[in-house]
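Me: Can you walk me through a structure? I'd like to start with one helix and then zoom out.
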Amino acid sequence: MRNPGPLRHIAGGVLAVLASLAWPSLASADLVKLSNGRTLRVESCVFDGPVVVLRLLGGGEVQASRDLVVEVIPETMPRGRGVAIQALAESPAASQSWSREIIHALIDRYARERGVDPRLAHAVVRVESNYQPLAVSPRGAMGLMQIMPVVAREYGVQDPFDPEQNLDAGLRHLRRLLGRFDVRRALAAYNAGESVVVRYGGVPPYRETQSYVQRILAAVR
């Protein structure tokens, strides 16, 4: 990895931005869009044949026809995008140019070092950011592997928009998830969060997450 030299103090500022966010460990609720136009905040939503079971925050559950639920959406975290944009503005790597060839070589290198199938690593990067090192999502995910601030902090990332740091952290995180879950659930956990997969006992009923898992698995078959 490159020595940041005189840029070290700037990268430290990026890390301080990430550390300043009091980010919950993971979302603890979902938003359920109902067919009557209303939105309900629940702990989880489990489909069982023609029935849906809505587990309510604070305890208790409601059973209803599956048709009542139009969509289940993970509750988004506040301030995420703002923190990511600020981190991007302070990123030493943001002013550097990274060719597609260099990015591909870095993915291959870090995938091998972290024990992740390079095909899977490329598929994740392609779906997450389309190989764009400065990508920022509406929820505040950053860089090539769209790591969240909590992941950046966990793996000691100073600049989440530096491709090497981003890939190293993202692939270490993915490798850890693969050690805990099968591939489908590991990908779902990477996208939606570990506790969500545990809460649902598998891939959660989020349209985005289900599409995400399918796209990546299709790319590595």
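Reply: Sure. This is a predicted model. Take helix α3: on the face turned away from its buried side sit the exposed residues Glu101 and Arg112.

Me: Which residues of α3 are buried, then?
Reply: They are Ile103, Leu106, Ile107, Tyr110 and Ala111.

Me: Why do they line one face of the helix?
Reply: Look down the axis of α3. The buried residues fall within an arc of 130°, so they line one face. There is a general rule behind this. An α-helix has 3.6 residues a turn, so residues three or four places apart point the same way.

Me: What covers the buried residues of α3?
Reply: The cover includes α4 (118-129) and α6 (163-180).

Me: How many residues does α3 have, and how far does it reach?
Reply: Helix α3 runs over residues 100-114, which makes 15 residues. From its first C-alpha to its last it reaches 21 Å, close to the 21 Å expected at 1.5 Å a residue.

Me: What comes just after α3?
Reply: Gly115 does, and it takes a positive phi of about 75°.

Me: OK, zooming out. How many helices and strands does the protein have?
Reply: It has 9 helices and 6 strands.

Me: And how much of the protein is buried?
Reply: Of its 221 residues, 46% count as buried.

Me: What about the accessible surface?
Reply: The protein's accessible surface comes to about 10,800 Å². Carbon and sulfur atoms hold 51% of that.

Me: Last one: what share of the contacts links residues 24 or more positions apart?
Reply: Counting contacts with a separation of 6 or more, those residues account for 55%.

How values were computed. Residues are numbered from 1 along each chain as its sequence is written. This is a predicted model: local features need pLDDT of at least 70, side-chain atom pairs count only at pLDDT 80 or more; totals for chains, interfaces and linings use all residues. Side-chain values use heavy atoms; hydrogens and water are left out. Helices (H or I, at least four residues) and strands (E, at least two) are DSSP runs, numbered from the N terminus. Buried means under 20% relative accessible area, exposed over 50%, partly exposed in between (1.4 Å probe, protein chains only). Contact means heavy atoms within 4.5 Å. Accessible areas come from the Shrake-Rupley method with a 1.4 Å probe; for residues, only the protein chains shown count as cover. The expected span of a helix is 1.5 Å times one less than its number of residues. The arc is that of the directions from the helix axis to the C-beta atoms.
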